[in-house]
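Here are a few notes to keep beside you as you look at this structure for the first time. Take them in order, and turn the view as you go.

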Amino acid sequence: MDTALSGQVALVTGSASGIGRATALMLAAAGARIALVDRDAAGLAAVAIDIGPDARTFEADLGNGGSLPGLVSSVLEAFGRIDILVNSAGITGTSATQPQSTTDFTDAQLDTILAINLRAPLILVREVGRHMVARGGGGRIVNVSSSAAFRATTSPPIYAASKAGLNALTRTAAADLGPHGVNVNSVAPGPTRTSMLADVDQYLEEMVKSGPLANLTQKVSEAEDVAAVIRFLCLPDSRQMTGQVLHTSAGLVV
Ligand SMILES: NC(=O)c1ccc[n+]([C@@H]2O[C@H](COP(=O)([O-])OP(=O)(O)OC[C@H]3O[C@@H](n4cnc5c(N)ncnc54)[C@H](O)[C@@H]3O)[C@@H](O)[C@H]2O)c1
C-alpha cells in the first residue's frame with residue numbers, strides 16, 4: 001500500500017472528470033483524503049464511489065467566485081486541514097456555435113472563461129494559501145495550465161490568456177508562499193483525451209502526428225499521463241521544485 005501522502009488532505013477542482021478525476025484517484029491511492037470539487041454532481045458521486053470513504057464531494061460552481069471562501073471553509077470543517085490544492089477545473093468556452101478568435105468573441109464568453117479558469121484559482125490560492133500559512137507545515141499547489149498559453153496558432157485567445165495568467169499566478173504565489181513551505185507549480189498539457197476534447201476525439205490520433213498540434217512522441221496524452229506529473233509535484237520528492245511550469249505535452253511545446 002502506498003502511504004506517501006497519508007495524513008494529507010487534497011482539494012481537487014474539476015475532479016468529476018478527466019485530469020482532475022485521474023489526479024484525485026492517484027492522490028487517494030497514495031493515501032491522501034480527497035475533497036472532490038466540481039459542478040457535476042453525478043460525476044462527483046461516481047468518483048467518490050471509486051475512491052471510497054476517504055473522499056467527500058463538494059458540489060460548487062467555480063464561476064461564482066463569491067462562494068469560494070465558503071467552499072474552502074466547508075472543506076476545512078469536514079477534514080480539518082488542506083495540504084494539497086489542485087486547480088484542474090477549466091473550460092475552453094469554445095464550440096461550433098461559440099467561436100473564439102481575436103476578432104470574434106462575446107463579453108459573456110470573456111467573463112465566463114476568466115471567472116472559471118483564472119478568477120477561481122486566484123481566490124482558491126488566496127483562501128487555501130492563508131490556511132496553509134496559518135497552519136504551518138507547508139503544502140503543495142498545482143495549477144493545470146495548457147500548452148495553449150505558449151502557442152500562437154490553434155489557441156483560443158481568451159482561453160490562452162487565462163492559462164498564461166495561471167502561469168503568472170504560479171510564479172508569484174510560489175514567491176509569496178515559498179518561505180512558508182508551500183510549493184506552487186503548473187502543468188501545461190497538450191491535447192489530452194478527456195471530455196474537453198470529446199468533439200474532436202476521432203481526430204486526436206491524427207492530430208498528434210501531423211499539423212500544428214503534432215507532438216514529438218506522436219502519441220495522444222491520457223488524463224493519467226498528466227495526473228502522474230501532478231502527483232509527483234505533491235510528493236516530498238519534488239520539494240525543491242516551485243514556481244515552475246512543467247510541460248506535459250509530449251514536446252508539443254519545447
Ligand atoms: N484535455 C485537454 O486537451 C487539455 C489540454 C490542456 C489543458 N487542459 C486543462 O486541463 C484541465 C482539466 O480539463 P480536462 O481535460 O480534464 O476536461 P474535463 O472537461 O474532462 O474536466 C473539466 C472538469 O471541470 C469541471 N468544471 C468546468 N467548469 C466548472 C465550474 N464552473 N465549476 C465547477 N467545475 C467546473 C467540469 O465539470 C469537469 O468535471 C482544464 O483546466 C483544461 O483547461 C486540458
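**Notes for a first look**

1. Let's begin with one glycine: G18 is found in helix α1, which covers residues 18–29. Please keep in mind throughout that this is a predicted model.

2. Stay with G18 for a moment and look at its surroundings. Leaving aside residues up to four places away in sequence, G18 touches T194 and A223. T192 is worth finding too: G18 and T192 are separated by 174 residues in sequence, yet their C-alpha atoms are 8.8 Å apart in space.

3. A223 leads us to the next helix. Helix α7 spans residues 223–234, and its axis and that of α1 come within 8 Å, crossing at roughly 50°. An angle over 35 degrees but under 65 falls into none of the parallel, antiparallel or perpendicular classes, and α1 and α7 are therefore oblique to each other. Their crossing is right-handed.

4. Which residues of α1 and α7 make the contact? On the α1 side they are G18, I19, A22, T23, M26 and L27, while α7 supplies A223, E224, V226, A227, A228, I230, R231 and C234. Sorted by class, this contact of α1 with α7 has 10 nonpolar, 2 polar and 2 charged residues.

5. Now to the ligand. There are 29 residues around the ligand, and those that come nearest are S17, D38, Y159, T192 and T194. You have already met two of these names: T192 lies 8.8 Å from G18, C-alpha to C-alpha, and T194 is touched by G18.

6. Three polar approaches to the ligand are easy to check on screen. D61 places a polar side-chain atom 2.8 Å from a nitrogen atom of the ligand. With L62 the backbone is involved: one of its N or O atoms lies 2.9 Å from a ligand nitrogen atom. For S88, a polar backbone atom is 2.8 Å from an oxygen atom of the ligand.

7. Please look next at α4 and helix α5, the latter made of residues 157–177; the two pack with axes 9 Å apart, at an angle of about 10°. With angles under 35 degrees counted as roughly parallel, α4 and α5 are therefore roughly parallel to each other. The crossing of this pair is right-handed. Among the contact residues are L110, I113, L114 and L118 of α4, and I158, Y159, L166 and L169 of α5. The whole contact of α4 with α5 divides into 14 nonpolar, 5 polar and 1 charged. Y159 deserves a second glance, being also one of the residues that come nearest to the ligand.

8. Finally, α4 has another partner. Helix α3 (residues 68–79) and α4 (residues 107–135) have axes that come within 9 Å and cross at roughly 40°, and α3 and α4 are therefore oblique to each other. The crossing is right-handed. The contact is made by L68, P69, L71, V72 and L76 of α3 with A120, I123, L124, R126, E127, V128 and H131 of α4. By class, there are 9 nonpolar, 1 polar and 2 charged residues in the contact of α3 with α4.

Notes:
Residues numbered from 1 in each chain as written. Predicted model: local features only at pLDDT ≥ 70, side-chain atom pairs only at ≥ 80, totals over all residues. Heavy atoms only, no water. Axes fitted to C-alpha atoms, helices over the stretch in contact; angles between N-to-C directions. Helix = DSSP H or I, 4+ residues; strand = E, 2+ residues; numbered from the N terminus. Parallel < 35°, antiparallel > 145°, perpendicular 65-115°, else oblique. Left-handed = near helix turned anticlockwise from the far one by under 90°. Contact = heavy atoms within 4.5 Å. Nonpolar A, V, L, I, M, F, W, Y, C, P; charged D, E, K, R; others polar. Near = heavy atom within 4 Å. Polar contact = N/O pair within 3.5 Å; in protein donor to acceptor, adjacent residues only side chain to side chain.
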